[in-house]
Amino acid sequence: RRVYGDRTINIIPEVPTGGTNAGISSPYREHLGFWFYEELNVLTGWADFYRVIALPFSTSVPHTQRLIIQQVNENFLEMNGRFPGADLYKRVYSNPNWEKHTNKEEGNESIETLVAAISVTNPTKRREALEQNLNLPEFMNYSVGSVLTSNWDGFWNNHWMYLNPDDGRWEIIPWDLDWSWGSSPPPNTGPLYAEMPPTFPIDGIAIGEERNSRAPGPVTSPLHQDPQFYEEYLKRLRYELTHNFAEEKLFDKMNEMQDLLIDDLLLIRDDTGRNVSQRIKQIEESYDVIKQFVEERHVYLNGVLPVPVTDWEIF
């Protein structure tokens, strides 16, 4: 049956086992990430925690708390006021890196034309191509959200691209956010990824943590090399650092979710007899490490982002 009109949803394991995800904290990073992009007015799917009961019901199968994530597809586009028959690509690891999900018979010409247009070396022509082909405010919001949360895997990979047929401009849609909020690649033994520099979208180079470096994004790198966009991007980073990325706001959201999940776990315990102590520990430890990242991210960005002259007294 459809869920809120969707024919496809993604159900994340209650306790991820590793592999290509960030371990037990993955669901909380994903949920907080989709919420944060939505706060920045980025086109994104919904993500919520649900109590999942397997059918037919059995006392040997416990109730679980699972993160449900909306699938990006034609139905997603229609629900968000976009044209479901437009070109939709997913950026993936495999070759070709642009995986087309609509109008497959037409090939990848539309996205290849975009990349070619914005990759010119002439700054004036590049700026014209960016303005003509990209929804710049939405790309700005995506870039700011990705850099604040150290979503290091979201420029070269792990996003969708939608071509609006009404104005011919592209939008970028976040995806697969378990490597954000300070998560680093396996074996996850390094420091929190709190020092991802503002230049990361250009070159993919992580200062001091080269093992986390990525190839530059084919769309986001030319975009951030544009001086006008980059200047505005730095200003937005500074602004959002004390607004949507403010510690108080983020901690309030995390505390709200932690309380909600633990309260539900206690109901599960009373209803089914399930031992929930390990699950509570998973929740608390996951949010604690994300909070630690937020604190360290503030320290780092406050030291590298430009401060407007009008705000010098504050710093």
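Buried means under 20% relative accessible area and exposed means over 50%, with partly exposed in between. The exercises below apply these classes to a predicted model.

**Exercise 1.** Determine which side chains meet in the salt bridge of Arg-7, where the two partners lie along the chain, and how each is classed by accessibility.

*Solution.* Begin with the pair itself: the side chain of Arg-7 meets that of Glu-74 in a salt bridge, with 3.3 Å from N to O. Next, place the two residues, which lie 67 residues apart and link distant parts of the chain, Arg-7 belonging to the segment before strand 1 (9-12) and Glu-74 to helix 2 (residues 74-79). Then turn to accessibility: Glu-74 has a relative accessibility of 28% and therefore counts as partly exposed, and Arg-7, at 49%, also counts as partly exposed. As a general background to such pairs, side chains of opposite charge can pair when their charged atoms come close.

**Exercise 2.** Work out how the salt bridges Arg-169 to Asp-167 and Asp-270 to Arg-269 stand against the distance cut-off, and class each partner.

*Solution.* The cut-off to apply is that a side-chain nitrogen of Lys or Arg lies within 4 Å of a carboxyl oxygen of Asp or Glu. For Arg-169 and Asp-167 the closest N and O atoms are 3.9 Å apart, and the two form a salt bridge. Arg-169 is partly exposed because its relative accessible area is 31%, and Asp-167 is partly exposed because its value is 38%. For Asp-270 and Arg-269 the closest N and O atoms are 3.3 Å apart, again forming a salt bridge. Here Asp-270 reaches 54% relative accessibility and so counts as exposed, whereas Arg-269, with a relative accessible area of 39%, is partly exposed. To set these pairs in context, the count by this rule comes to 18 salt bridges, and Glu-14, Arg-274 and Arg-279 are linked in a network of such bridges.

**Exercise 3.** Describe the surroundings of Ser-143, stating its element, its class of accessibility and its contacts.

*Solution.* Start with the element, which is helix 5 (residues 136-148). The relative accessible area of Ser-143 is 0%, so the residue is buried. Leaving aside residues up to four places away in sequence, Ser-143 touches Phe-155, His-224, Phe-229 and Tyr-233. Finally, consider Leu-43, which is 100 residues from Ser-143 in sequence and 13 Å from it in space, C-alpha to C-alpha.

**Exercise 4.** Decide whether Asn-41 and Ser-150 are buried or exposed, and give the loop and the phi value for each.

*Solution.* Asn-41 lies in the loop between helix 1 (26-39) and strand 2 (47-52), and its phi is near 65°, a positive value in a residue other than glycine. At 61% relative accessibility, Asn-41 counts as exposed. Ser-150 lies in the loop between helix 5 and strand 6 (159-163), and its phi, near 55°, is likewise positive in a residue other than glycine. Ser-150, however, has a relative accessible area of 0% and is therefore buried.

**Exercise 5.** Place Gln-292 in its helix and relate it to Met-254.

*Solution.* Gln-292 belongs to helix 10 (residues 277-304), and because its relative accessibility is 38%, it counts as partly exposed. Between Gln-292 and Met-254, which are 38 residues apart along the chain, the C-alpha atoms are separated by 12 Å.

Key
Residues are numbered from 1 along each chain as its sequence is written. This is a predicted model: local features need pLDDT of at least 70, side-chain atom pairs count only at pLDDT 80 or more; totals for chains, interfaces and linings use all residues. Side-chain values use heavy atoms; hydrogens and water are left out. Helices (H or I, at least four residues) and strands (E, at least two) are DSSP runs, numbered from the N terminus. Buried means under 20% relative accessible area, exposed over 50%, partly exposed in between (1.4 Å probe, protein chains only). Contact means heavy atoms within 4.5 Å.
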